[in-house]
Amino acid sequence: MAEYYNIQLTTEDMAPIERAHLHRGFSSKKTPLKWIRFFRMCVLQRELSLKKRKKKSYTLWIAYFIIAAAMIFLVPGYWIAVNIILFVVALIMDARYRREFRKNYTDGYDFFSDYFSALFTLIEEELPQLGTIHFTANVKETLAGVEYLKSSEDATFETRGFISGKEEFYEKEIAQGYCTLKDGAEVSFSFVEKVRKRIIKKRGTSGKRKTKQKYKSVYPFILKLKLPKSVYQLKTDIDKADIQMEEDDSFYYMKARRKFDIKDENPDGYSAYQYRSTPLFSVEYFSLEVVNLFNICYGCFTLK
C-alpha cells in the first residue's frame, strides 16, 4: 500500500483537462494507481494555484499601501478621496482574483484523494492484472439551488421566541463506481450525502428577529456484489440482519449498507451549524468500515 502514497509528482504531471472534469464532476475508467495519481494531481494543482492567488493578492495590497502613503504627499488636499478610490479598486481586483480561483477550482479534491485512494488501494489487491475501476463523482454543492432538494415543508420547533420554521431535505450521490474482481465477482458501490436543513426564525430577548440554520447530515455507503455460483457456495447458517440477498440460476446478489452519522459516532466533533461532516471521519475509519461490508458479504459463502 505504501507505494501508492509515495508517488512523486511534478508540475509536468499536471492534467488541466482532467482538473476541469473534476471541477464539474467526472466519469472515467482507470486502474487504481492511475486514479490515485489523478486525485493527487488535482490536489497539487489546487494547492499551487492557491499559493499563486494569495501571492497576487499580497502584491496587490502591498502596492496599494505604498501608493496610498505616497498620495499623502503628492495630493495633500485630496489624498483621502484618492485613497478611497484606490481602496475600492484594490477590493474589486482582489475579488476578481478570488472569483477566478473559485471558477477553476472547487472543494472536494482532498476528499477524493484521501478516502477513495484508500478504498481503491484495497480493491486493487482483488483486481485482475491491469484491472480497472469505473468511477463517477459529483462535486457540486449539495445545498446550492434546488437540484438536490427532495422536499421542503413548514415545521414547528420548541424554542424560545419561535416565529416560523421550515425543514428541507437534500440528497446527492457523491460518487459511484463498479469493477470486476479476479474471482469473477462484480462489485458496485455508491456514496450518498443526505442533509436535513432546518431554518428557524425567532425573536430574541431584545425583540429583534433572528434566523438560524441547523443541519443534520448522514452518509450511506452502499455495496452491491454479484457473485458467480460456479465459484461460491452459500452457507446454510448465515445472518441476514445486515444484508439483502437474492439469487438466480447463475449468481448471488448481495447488498450491504453502512450509514456514517457523525452525530451518533463522534458527538464531540458534531456541530449543528456545519452541514458537511465527512472531514470528521478519519480515512482509516472509513476504510475499515467499508472493508467490514466486504467481509460481511463474503462471510456468507465458501469456495467450491
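This report walks through a predicted protein model, from its overall make-up down to a few individual residues.

## The big picture

Let's start with the whole thing. The protein has 304 residues, and 39% of them count as buried. Its secondary structure comes to 7 helices and 10 strands. About 18,100 Å² of surface is exposed, with carbon and sulfur atoms supplying 53% of that.

How much of the contact network links residues that sit 24 or more positions apart? Take the contacts with a separation of 6 or more: 69% of them are between residues at least that far along the chain from each other.

## Strand β4 and its partners

If you want one element to look for, try strand β4, which covers residues 162-180. Strand β2 (residues 133-137) pairs with β4 in the antiparallel sense, over 4 bridges. In that pairing, Phe-135 stands opposite Gly-177 of β4. Strand β3 (residues 149-154) also runs antiparallel to β4, and 5 bridges join the two. Here you can look for Ser-152, whose bridge partner in β4 is Glu-168.

Then there is strand β5, made of residues 186-203. It is antiparallel to β4 too, and 17 bridges hold the pairing. One spot to check is Glu-171, which stands opposite Lys-194 in β5. Together β4 and β5 form a hairpin, with 5 residues between the strands. In the turn you'll find Gly-184, which has a positive phi of about 90 degrees. While you're looking at strands, here is a handy rule: in a regular strand, side chains alternate between the two faces of the sheet.

## Salt bridges

How many salt bridges does the structure hold? There are 6, and three of them are worth a visit. Glu-167 forms one with Arg-198, where the closest N and O atoms are 2.6 Å apart. This pair links distant parts of the chain: Glu-167 belongs to strand β4 and Arg-198 to strand β5, 31 residues apart. Is Glu-167 buried or exposed? Its relative accessibility is 11%, so Glu-167 counts as buried. Arg-198, on the other hand, has a relative accessible area of 26%, which means that it is partly exposed.

Next up is Lys-216, which forms a salt bridge with Asp-261; their closest N and O atoms are 2.9 Å apart. Lys-216 lies in strand β6 (residues 209-228), while Asp-261 is in the loop between β9 (251-260) and α6 (262-265), so the pair ties together parts that are 45 residues apart in sequence. Both ends are tucked away from the surface by the numbers: Lys-216 is buried at 16% relative accessible area, and Asp-261 counts as buried at 5%. In a third salt bridge, the side chains of Lys-229 and Glu-247 meet at 2.6 Å, N to O. Lys-229 is in the loop between β6 and β7 (232-234), and Glu-247 is in strand β8 (residues 243-247), 18 residues away in sequence. Lys-229 is buried, with a relative accessible area of 16%, whereas Glu-247 is partly exposed at 47%.

## Two cysteines, no bond

Now for the cysteines. The structure holds 0 disulfides. Why don't Cys-297 and Cys-300 form a bond? The closest cysteine sulfur to that of Cys-297 is in Cys-300, but it is 6.6 Å away, so the two are too far apart for a bond. For a disulfide, the sulfur atoms would have to be within 2.5 Å.

Cys-300 is in no disulfide either, its nearest cysteine sulfur being that of Cys-297. As for their surroundings, Cys-297 is buried, with a relative accessible area of 0%. Cys-300 counts as buried as well, at 4% relative accessibility.

## A meeting across the sequence

Finally, have a look at Val-283, in helix α7 (residues 283-298). Val-283 is partly exposed, with a relative accessible area of 22%. Which residues does Val-283 contact, leaving aside neighbours within four places in sequence? They are Asp-114, Tyr-115 and Ala-118. Val-283 and Ala-118 are 165 residues apart in sequence, yet their C-alpha atoms are 7.2 Å apart in space.

Key: Residues are numbered from 1 along each chain as its sequence is written. This is a predicted model: local features need pLDDT of at least 70, side-chain atom pairs count only at pLDDT 80 or more; totals for chains, interfaces and linings use all residues. Side-chain values use heavy atoms; hydrogens and water are left out. Two strands pair if DSSP finds at least two bridges between them. Buried means under 20% relative accessible area, exposed over 50%, partly exposed in between (1.4 Å probe, protein chains only). Contact means heavy atoms within 4.5 Å. Accessible areas come from the Shrake-Rupley method with a 1.4 Å probe; for residues, only the protein chains shown count as cover. A salt bridge is a side-chain nitrogen of Lys or Arg within 4 Å of a carboxyl oxygen of Asp or Glu.
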